[in-house]
Amino acid sequence: MSSDERPTGRRHDIAFHFKEGFTGQTLEIVASGRVRATVTARTRLQIGLAHIETIALDDGEEVLIREKGTNTETSIRADHGKPFVIVQRVDGKLEAEAIGQSPGYL
């Protein structure tokens with residue numbers, strides 16, 4: 001990890017929005033080598049949302065999102081300028097994207 005990627009030690013809330021493609025999968029959010037949350041995600045088709053989990057993370061901290069019982073995972077770095085992370089399951093793979101504004105739901 002280079003010096004510009006090191007966590008700053010200041011924690012901020014990052015909201016993980018599990019959206020499309022989930023049918024009851026159990027997922028773990030791992031940061032600093034430990035499981036910070038375990039969620040069961042099932043997308044509600046009316047609004048396109050499965051679950052929201054908020055975790056306090058350091059800026060630049062690497063986060064692994066993995067589906068239990070499979071080799072399916074993705075990672076992203078916490079970015080306090082983009083405090084919302086969209087997580088989707090597409091074609092059996094997890095995708096994560098950090099954004100600056102809270103996603104809207106119907």
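## Salt bridges and an open sheet

E61 forms a salt bridge with R11, and the closest N and O atoms of the two residues are 3.6 Å apart. E61 lies in the loop between strand 4 (51–58) and strand 5 (62–67), whereas R11 belongs to strand 1 (residues 11–18), so the pair ties together parts that are 50 residues apart in sequence. The structure described here is a predicted model, and the distances and accessibilities in this report are to be read with that in mind.

The two partners of this bridge can also be described by their accessibility. E61 is buried, because its relative accessible area of 3% falls under 20%. R11, with a relative accessible area of 43%, is partly exposed.

How many salt bridges does a search of the whole structure find? The search finds four, among them the bridge between E61 and R11 and two others that involve strand 5, described next.

The side chains of E62 and R77 meet in a salt bridge, with 3.8 Å from N to O. Since E62 lies in strand 5 and R77 in strand 6, the pair ties together parts that are 15 residues apart in sequence. E62 is partly exposed, with a relative accessible area of 42%, and R77 also counts as partly exposed, at 31% relative accessibility.

E67 forms a salt bridge with R89, in which the closest N and O atoms are 3.0 Å apart. This pair links distant parts of the chain, with E67 in strand 5 and R89 in strand 7 (residues 84–90), 22 residues apart. Is E67 buried or exposed? At 7% relative accessibility E67 counts as buried, while R89 is partly exposed, with a relative accessible area of 23%.

The distances and sequence separations of these pairs are listed below.

| Pair | Closest N to O distance | Separation in sequence |
|---|---|---|
| E61 and R11 | 3.6 Å | 50 residues |
| E62 and R77 | 3.8 Å | 15 residues |
| E67 and R89 | 3.0 Å | 22 residues |

Strands 5 and 6, which hold E62 and R77, also take part in a sheet. Four strands form this open sheet in the order 3-2-5-6, and their pairing is antiparallel. The edge strands are strand 3 (34–42) and strand 6 (73–77), each of which pairs on one side only. Neighbouring strands of the sheet are turned by 20° against each other on average, with direction ignored.

Within this sheet, strand 2 (residues 23–31) and strand 3 pair in the antiparallel sense over eight bridges. T26 stands opposite T40 in strand 3.

Key: Residues numbered from 1 in each chain as written. Predicted model: local features only at pLDDT ≥ 70, side-chain atom pairs only at ≥ 80, totals over all residues. Heavy atoms only, no water. Pairing = 2+ DSSP bridges. Helix = DSSP H or I, 4+ residues; strand = E, 2+ residues; numbered from the N terminus. Axes fitted to C-alpha atoms, helices over the stretch in contact; angles between N-to-C directions. Buried < 20%, exposed > 50% of the residue type's maximum accessible area, 1.4 Å probe, protein only.
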